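Some notes on the strand pairing, one helix and two individual residues follow. Please read them alongside the coordinates.

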Amino acid sequence: MAGPRRGRWAGTWRRGRVIAAFAVLTAVLLLAHPLVPNWVGNAGSLLETFLPWTGLFVVPLLVAALLRRSALALVALLLPALVWGGSFGGRLSDKRAAGGDFTIVSHNVNDENPDPAGTARALAAAGAQAIALEELKRSEIPKYEDALAAAYPHHSVQGTVGVWSTFPLRDTRPVEIMPWTRALRTTVDTPKGPVAIFVAHLPSVRVRLDAGFTAKGRDAAMRVLAAAIAAESAPRTVLAGDFNGTADDRALAPITGRLRAAQDEAGDGFGFSWPAGLPLARIDQIFVSGVRPVAAWTLPATGSDHLPVAATVAF
């Protein structure tokens, strides 16, 4: 009997080699995603946009390994599981804390939003000291202004982006990241000192069969925005907006190399913000420098296809 038992045990290590190979490839993909080239349809950026979801590859591989009764595959699957945990496990915990000095909400309101006034009221209910809005439609701007006027007496709209504040604004100007205005810079004078606020809406990206992940416009605007951030002299800086890219995307490196993502440092989970009905990626961001993130979170859905995002920081 010992012989057959040993044979069956040895067989579990011989079966499932293909499954084990895919498990190792998944781990390599997670570890070496910066090496995936962008010269073929921006494949690297597309992968990094949805990088946390690569962990789901483990699920069908695990099912296959169990069906094959393969010890080799099961052991190999530990590799991508450990790599994923090391890369993203820290984002799953709730790092939010109480306190803080300044809260900002950022929202791509969608220029086809059927209820601008209701959206504005929902954002105001969060009690933030500043609200940054992107994708404002010119004809709808008065509705946002009317709904926010009582709680936010200070505001500025530059092109399709705007900022509303409970505190005075100064030194407000557009940031020319593209031919039409989709970014601004202002100073908010809080009781604990000034903070420079940038609001940006980077160009959209598309996934096309004939061209792959088209992101050249976004990447060019990103570099211009990063240059404006690098030239900023204020000791406290907050950058909020719709970046049409995640913090894992190498295209955002000019920003993430200088600023920290509030969600990563003080959020609860991944904070996916798009699409609002079934969030798959966090393309709406709040980045900071010179302040300490205390809490970061997403707000309930509005009439937009994006979820609002919020962060509280300490000076």
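1. Strands S1 and S14 pair in the antiparallel sense, over five bridges. Within this pairing, Phe102 stands opposite Val313 of S14. The model is a predicted one, and the pairings below should be read as features of that prediction.

2. Strand S2 (residues 130–134) is also joined to S1 by five bridges, but here the two run parallel. Ile104 stands opposite Ala130 in S2. Between S1 and S2 the chain passes through helix H6 (residues 116–124), and the resulting β-α-β crossover is right-handed.

3. These strands belong to an open sheet of six, ordered S3-S4-S2-S1-S14-S13, in which the pairing is mixed. Strand S3 (154–158) and strand S13 (292–298) form the edges, each pairing on one side only. From one strand to the next, the twist averages 15°. In general, strands of a sheet pair through backbone hydrogen bonds, either parallel or antiparallel.

4. At the S13 edge, six bridges connect S13 with strand S14 (residues 309–314), and the two run antiparallel. Ala296 and Ala311 in S14 stand opposite each other.

5. Is strand S1 buried or exposed? Seven of the seven residues of S1 (residues 102–108) are buried, so the strand is largely enclosed by the rest of the structure. Phe102, Ile104, Ser106 and Asn108 point one way, while Thr103, Val105 and His107 point the other way; all are buried. In a regular strand, side chains alternate between the two faces of the sheet.

6. Thr103, in S1, has a relative accessible area of 12% and is therefore buried, the cut-off being under 20%. The side chain of Thr103 makes a polar contact of 2.6 Å with the side chain of Thr312. Setting aside neighbours within four places in sequence, Thr103 is in contact with Ala128, Gln129, Ala130, Trp297, Ala311 and Thr312.

7. Which residues of helix H4 (residues 58–68) are buried? They are Val58, Leu61 and Ala65. These residues cover an arc of only 65° around the axis, which puts them on the same side of H4. The buried residues of H4 pack against helix H2 (17–31) and helix H5 (71–88). On the face turned away from the buried side, H4 carries the exposed residues Pro60, Leu66 and Leu67. Arg69 follows H4 and has a positive phi, near 50°.

8. Glu265 lies in helix H10 (residues 262–266). Its relative accessibility is 35%, so Glu265 counts as partly exposed; that class covers values between the 20% and 50% cut-offs. What does the side chain of Glu265 join in a polar contact? The partner is the side chain of Arg260, at 2.8 Å.

9. Apart from neighbours within four places in sequence, Glu265 is in contact with Lys95, Arg260 and Pro293. The C-alpha atoms of Glu265 and Val294 are separated by 8.0 Å, with the two residues 29 apart along the chain. For reference, S13 covers residues 292–298 and is an edge strand of the sheet.

Notes. Residues are numbered from 1 along each chain as its sequence is written. This is a predicted model: local features need pLDDT of at least 70, side-chain atom pairs count only at pLDDT 80 or more; totals for chains, interfaces and linings use all residues. Side-chain values use heavy atoms; hydrogens and water are left out. Buried means under 20% relative accessible area, exposed over 50%, partly exposed in between (1.4 Å probe, protein chains only). Helices (H or I, at least four residues) and strands (E, at least two) are DSSP runs, numbered from the N terminus. The arc is that of the directions from the helix axis to the C-beta atoms. Contact means heavy atoms within 4.5 Å. Two strands pair if DSSP finds at least two bridges between them. Axes are lines fitted to C-alpha atoms, for helices over the stretch in contact, and angles run from 0 to 180 degrees between N-to-C directions. A polar contact is a pair of N or O atoms within 3.5 Å; within protein, one must be able to donate a hydrogen and the other to accept it, and residues adjacent in sequence count only if both atoms are side-chain atoms. A crossover is right-handed if, with the strands pointing away from the viewer, the path from the first strand over the helix to the second runs clockwise.
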